[in-house]
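Here are some notes for a colleague who is opening this entry and would like a guided reading of a few places in it. They are meant to be read with the display at hand.

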Amino acid sequence: MSTSPKRHLGAGREPCAVCGRVAGPAPAIDERLAALEREHRNLADRSTALEQQLAELGNQCVVMERLHGALEHAEVLAAIQDCVINVIGSEELAVFVPSEDGLELRPAQCFGVEGRGLAPVPVGAGVVGRAALGDGFVVGDAPPPPEAPDLTACVPLQAGDRLSGVLAIWKMLPHKPTFGPADRGVLDLLARHAASALQLTSVIARERAGRTA
Amino acid sequence: MSRKKILLVDDSNTVILMEKMILSKSPYDLIVAKDGQEGVEKAAAERPDLILMDVMMPRMTGFDACKQLRANGATAKIPVILVTTRGEQESMKNGFAAGCNDYITKPINGGELLSKVRGYLGA
């Protein structure tokens with residue numbers, strides 16, 4: 001078998017006798033190069049998408065760890081606040097919890113909303129009250145309610161058919177004005193798992209109270 | 001070769017968890033402090049190669065902690081990246097005036113954080 005290097009250059013390609021460089025058409029090599037470049041770009045795009053997905057999963061892991069690592073009701077509320085500020089990116093939020101008789105929602109954890117004069121609301125009344133009945137709001141799904149035009153989200157914290165509270169988020173941080181799909185994923189996870197974490201810590205508190213009574 | 005050491009200074013457990021998750025993929029040793037005062041003390045004791053510093057913290061803010069680090073010969077040269085929810089120009093100017101080297105806004109973007117850390121410490 002011949003091992004001449006000329007075999008690999010393709011038809012019509014001859015090295016220059018002076019400088020040794022190869023001139024002339026090389027369709028097979030050019031096509032192969034183009035195909036490799038397309039494949040490289042494709043792989044780079046997929047790598048970027050995977051990195052993004054990994055980052056989002058990482059954030060969701062952090063949220064789960066924070067919510068379920070708390071054994072006190074107040075710690076769960078603080079964890080919800082921390083996650084909204086540092087994972088979603090808003091410093092205007094409030095968590096409302098139901099009263100003992102379930103007829104009212106009271107602001108239990110607030111950050112950056114002192115000027116809004118939040119007060120207890122009857123279940124079913126206003127944006128927060130309606131969210132408690134399952135009629136929540138997330139920006140992008142519908143226009144914001146007229147009584148709260150700068151609301152980003154108002155969602156029930158619900159596990160099964162048990163309502164643990166309502167989370168309201170107003171303006172996003174100035175340098176992160178958009179509430180995107182990844183943030184929606186975090187909010188949905190937060191709403192479900194915050195509900196069960198709040199319920200669990202309430203059960204633990206009642207048990208402790210029962211033991212010390 | 002010994003691993004590079006990063007000091008994470010933040011009063012938020014969420015941010016510490018996020019930073020650990022992002023940085024654990026790389027060969028760094030991570031130390032944690034929960035406020036500016038503890039951050040200054042641990043920086044002097046541990047001599048990290050880089051500090052990621054929150055701004056709004058109890059006992060001592062990140063700006064004040066930065067100034068103290070710069071005033072101490074032992075820690076004056078340690079690069080400090082401020083990690084904060086405040087992305088405004090004014091806040092960034094305050095940070096640089098306090099002596100920080102760089103700035104990253106929350107919520108933290110993992111790729112951006114890794115890129116900056118590697119810029120100061122190498123891959």
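The numbered points below deal with helix packing, cysteines and some single residues.

1. Before the details, please keep in mind that this is a predicted model. The points on chain A come ahead of those on chain B, and each names the residues concerned so that they can be found in the display.

2. In chain A, helix α1 (residues 27–68) and helix α2 (residues 73–88) have axes that come within 9 Å and cross at roughly 160°. Because an angle over 145 degrees counts as roughly antiparallel, α1(A) and α2(A) are described as roughly antiparallel to each other. The crossing of α1(A) and α2(A) is right-handed. On the side of α1(A) the contact is formed by A:N59, A:V63, A:R66 and A:L67, and these meet A:V76, A:A78, A:A79, A:I80, A:D82, A:C83 and A:V87 of α2(A). Sorted by class, the residues in the contact of α1(A) with α2(A) are 8 nonpolar, 1 polar and 2 charged.

3. Helix α2(A) also packs with helix α4 (residues 181–212) of chain A, at an angle of about 170° and with the axes 9 Å apart. The pair α2(A) and α4(A) is therefore roughly antiparallel. From α2(A) the contact draws on A:H73, A:V76, A:L77, A:I80, A:C83, A:V84, A:V87 and A:I88, while α4(A) supplies A:D183, A:V186, A:L187, A:L190, A:A194, A:A197, A:L198, A:T201 and A:S202. The residues of the contact of α2(A) with α4(A) divide into 13 nonpolar, 3 polar and 1 charged. A reader tracing α2(A) will find that A:V76, A:I80, A:C83 and A:V87 are listed in the contact with α1(A) and are listed again in the contact with α4(A).

4. A single residue of chain A may also be worth locating, namely A:G126, which is placed in helix α3 (residues 126–132) of chain A. A:G126 is partly exposed, with a relative accessible area of 32%. Between A:G126 and A:A148, which are 22 residues apart in sequence, the C-alpha to C-alpha distance is 9.5 Å.

5. Turning to chain B, how do helix α1 (residues 13–23) and helix α5 (residues 110–121) cross? Their axes come within 10 Å, and the crossing angle is roughly 65°, which makes α1(B) roughly perpendicular to α5(B). The crossing of α1(B) and α5(B) is right-handed. The residues that make the contact are B:E19, B:I22 and B:L23 from α1(B), together with B:G110, B:L113, B:L114 and B:V117 from α5(B). By class, the contact of α1(B) with α5(B) comprises 5 nonpolar, 1 polar and 1 charged residues.

6. How many disulfides does the structure hold over all chains? The number is 0, and the pair B:C66 and B:C100 shows one reason for caution when cysteines are seen beside each other on screen. The sulfur of B:C66 has its closest cysteine sulfur in B:C100, at 5.4 Å, which is too far for a bond, given that a disulfide requires sulfur atoms within 2.5 Å. B:C66 counts as buried at 0% relative accessibility, and B:C100 likewise counts as buried, at 6%.

7. B:I81 belongs to strand β4 (residues 80–84) of chain B and is buried, with a relative accessible area of 0%. Its C-alpha atom is separated by 6.1 Å from that of B:C100, although the two residues are 19 residues apart along the chain. Setting aside neighbours within four places in sequence, B:I81 is in contact with B:L50, B:I51, B:L52, B:M53, B:D102, B:Y103, B:I104, B:K116 and B:Y120.

8. Finally, some backbone values in chain B deserve a look, since most residues other than glycine have a negative phi, and most peptide bonds are trans. B:R47, in the loop between α2 (36–46) and β3 (50–54) of chain B, has a positive phi of about 50° and is partly exposed at 49% relative accessible area. B:R59, in the loop between β3 and α3 (62–71) of chain B, has a positive phi of about 70° and counts as exposed at 64%. The peptide bond from B:K106 to B:P107 is cis, with omega near -5°, and B:P107 lies in the loop between β5 (102–105) and α5 of chain B.

Note on methods:
Residues are numbered from 1 along each chain as its sequence is written. Chains are lettered from A and ligands numbered from 1 in the order in which they are written. This is a predicted model: local features need pLDDT of at least 70, side-chain atom pairs count only at pLDDT 80 or more; totals for chains, interfaces and linings use all residues. Side-chain values use heavy atoms; hydrogens and water are left out. Axes are lines fitted to C-alpha atoms, for helices over the stretch in contact, and angles run from 0 to 180 degrees between N-to-C directions. Helices (H or I, at least four residues) and strands (E, at least two) are DSSP runs, numbered from the N terminus. Angles under 35 degrees count as roughly parallel, over 145 as roughly antiparallel, 65 to 115 as roughly perpendicular and the rest as oblique. A crossing is left-handed if the near helix is turned anticlockwise from the far one by less than a right angle, and right-handed if clockwise. Contact means heavy atoms within 4.5 Å. Ala, Val, Leu, Ile, Met, Phe, Trp, Tyr, Cys and Pro count as nonpolar, Asp, Glu, Lys and Arg as charged, and the others, Gly among them, as polar. Buried means under 20% relative accessible area, exposed over 50%, partly exposed in between (1.4 Å probe, protein chains only).
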